[in-house]
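Student: Could we go through this model together? I would like to begin with one residue and then move outwards.

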Amino acid sequence: MARETVISGPSDEDDYRPARSSFDHKDPDIDERLRPQRLADVVGQRKVVDRLQIMIDAARLRKEPLGHLLLDGPPGLGKTTFAMVLPKELGVECLITSGPLLSAPKDLLPHITNAGPGAVLFIDEIHRMSPAVEEFIYPVMEDFRVDITLGDGLNARTINMQVDPFTIIGATTRSGMLTAPLRDRFVNRLHVDFYEVDELTEIITRNARKMRVEISEEAAFELARRSRSTPRIANNLLSWVRDFATVKAKGNITKAVAEDALTMQEIDVLGLEAQHRKYLAILVKTFGGGPAGVQAIGHSVNIPVDTLEDEVEPFLLRLGLIQRTPRGRVITSDGMKHLGIVPPEKPGQATLF
Ligand SMILES: Nc1ncnc2c1ncn2[C@@H]1O[C@H](COP(=O)(O)OP(=O)(O)OP(=O)(O)O)[C@@H](O)[C@H]1O
Ligand SMILES: [Mg+2]
């Protein structure tokens, strides 16, 4: 049976990460409760699932631990889900830690020595490990050798210790921030991508059943369409709409109820929240439509640059509402139309209706 040992909490419990969305569901455990437990429960991500199945089958047949695996992609798309499903499928122990908790080798050492043969050590936000830990992890990943330095200066000496082979699964929203040597030590690398509306509709329908709430097909589709291609957002919207329906509609989620609930949260037809519209509006009003540097935009909208780059901009770029140019961010004519602004003849001359 798979056993889960949590040595240090996953990143979701720490407060160093900005809120994922300007409104948050009231139940912080929702991610855990709705998280698929087995590979067969995962919706969509066919390419990732098929490749993982091959890796799992190969590891089983060879009776060897899975090769180290790096999962990358934007927030809320399933990296942690895949990382937690794998040890369950393999029937091995899973230890969990997170990059920001690893500032010195001594922070990682207990995880490595506690990992039994074939276990999985999941390192969330692996791009935030300190360089000292990164140096320390290379021989571990390559040869399962732990180099410990005792003392310092002239008295310093290194002792080596061999550990049983195990698997490191790293997750990152910023694969570009990983150094090449670290990236190269992951034999398996998988990119988790955005979801199609029909996949999100399926996730919402399944989760409504888990939450024991009635939802019509059209309502599930409407929520999916406004979920910004992201399962976590789909779950958050469902959770909010369920609360709304409980109070206003005897618990039944129809399309009209879903629309009213989303309007109350200022989530528009494209799924944009107030912070996305603020970003677009400032780009026009303060920066004449751009180009504007992300730092300057961050100061103006009062949102940390990390959050802008990870959570606000990807969807605006995906929808073609903004463009990234070497000189900065630029609003597109579709972006202006969404704000109800007449696109100018020349850049920088937009006028509000
Ligand atoms: N393929 C999927 N099928 C069904 N539900 C999913 C899927 N992927 C993600 N989810 C749901 O979305 C939630 C968020 O996913 P998860 O925590 O794995 O995202 P993440 O990529 O680790 O995000 P972050 O980068 O913010 O840590 C999960 O709890 C789960 O309920
Ligand atoms: Mg995660």
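**From one helix residue to the whole chain**

Tutor: Thr246 counts as partly exposed, because it has 13 C-beta neighbours inside 10 Å. Please keep in mind throughout that this is a predicted model.

Student: Where is Thr246 placed?

Tutor: Thr246 is in helix α9. Its C-alpha atom is separated by 9.2 Å from that of Val213, and the two residues are 33 apart along the chain.

Student: α9 caught my eye beside the ligand. Which helices supply at least two residues of the shell around ligand 1?

Tutor: Each of α1 (30–34), α3 (79–90) and α9 (231–248) does so.

Student: And how many residues surround ligand 1, and which are the closest?

Tutor: Ligand 1 is surrounded by 21 residues, the closest being Pro75, Gly78, Lys79, Thr80 and Thr81. By class, the shell has nine nonpolar, eight polar and four charged residues.

Student: Which domains does the shell draw on?

Tutor: Domain 1 (4–191) and domain 2 (197–264) each contribute at least three residues to the shell around ligand 1.

Student: Let us turn to Val43. Buried or exposed?

Tutor: Val43 is buried, because 20 other C-beta atoms lie within 10 Å, and 20 is the number from which a residue is counted as buried. Val43 sits in the loop between α1 and α2 (46–62).

Student: Which residues does Val43 touch, leaving aside those up to four places away in sequence?

Tutor: Val43 touches Glu199, Glu202 and Ile203. Pro231 is 188 residues away from Val43 in sequence, yet their C-alpha atoms are 9.6 Å apart in space.

Student: What about Thr179, exposed or buried?

Tutor: Thr179 counts as exposed, because it has 10 C-beta neighbours inside 10 Å. The loop between β7 (167–172) and α6 (180–184) holds Thr179. From Thr179 to Glu134 the C-alpha distance is 9.2 Å, with their positions 45 residues apart in sequence.

Student: Now helix packing. At what angle do α8 and α10 pack?

Tutor: Helix α8 (residues 217–225) packs against helix α10 (residues 255–264) at about 30°, and their axes are 7 Å apart. That angle makes α8 roughly parallel to α10, because angles under 35 degrees fall in that class.

Student: Which residues make that contact?

Tutor: From α8 they are Glu218, Ala219, Glu222 and Leu223, and from α10 they are Lys255, Val257, Ala258 and Glu259. The contact of α8 with α10 has four nonpolar and four charged residues, and no polar ones.

Student: How do α12 and α13 cross?

Tutor: Helix α12 (residues 294–301) and helix α13 (residues 305–318) cross at roughly 100°, and their axes come within 9 Å. The two helices are therefore roughly perpendicular to each other.

Student: And which residues meet there?

Tutor: Val294, Gln295, Ile297 and Gly298 of α12 meet Val305, Leu308 and Glu309 of α13. By class, this contact of α12 with α13 has four nonpolar, two polar and one charged residues.

Student: Backbone next. Where does Asn302 lie, and what is its phi?

Tutor: Asn302 is in the loop between α12 and α13. Its phi is positive, about 65°, although Asn302 is not a glycine. Asn302 counts as exposed, because it has 9 C-beta neighbours inside 10 Å.

Student: Why remark on a positive phi?

Tutor: Most residues other than glycine have a negative phi. Lys250 also has a positive phi, near 50°, and is not a glycine.

Student: Where is Lys250, and is it exposed or buried?

Tutor: Lys250 lies in the loop between α9 and β10 (252–253). With 9 C-beta neighbours inside 10 Å, Lys250 counts as exposed.

Student: The bond from Gly290 to Pro291: cis or trans?

Tutor: The peptide bond from Gly290 to Pro291 is cis, with omega near 5°, whereas most peptide bonds are trans. Pro291 is in the loop between α11 (274–285) and α12.

Student: Finally, the whole chain. How many helices and strands are there?

Tutor: The protein chain has 14 helices and 14 strands. Of its 353 residues, 39% are buried.

Student: And what share of the contacts between residues at least 6 apart in sequence joins residues at least 24 apart?

Tutor: In the protein chain, 69% of those contacts do.

Definitions and conventions: Residues numbered from 1 in each chain as written. Chains lettered and ligands numbered in written order. Predicted model: local features only at pLDDT ≥ 70, side-chain atom pairs only at ≥ 80, totals over all residues. Near = placed C-beta within 6 Å. Helix = DSSP H or I, 4+ residues; strand = E, 2+ residues; numbered from the N terminus. Nonpolar A, V, L, I, M, F, W, Y, C, P; charged D, E, K, R; others polar. Domains from an automatic or database assignment. Axes fitted to C-alpha atoms, helices over the stretch in contact; angles between N-to-C directions. Parallel < 35°, antiparallel > 145°, perpendicular 65-115°, else oblique. Contact = placed C-beta atoms within 7 Å. Buried ≥ 20, exposed ≤ 12 C-beta atoms within 10 Å, placed from the backbone.
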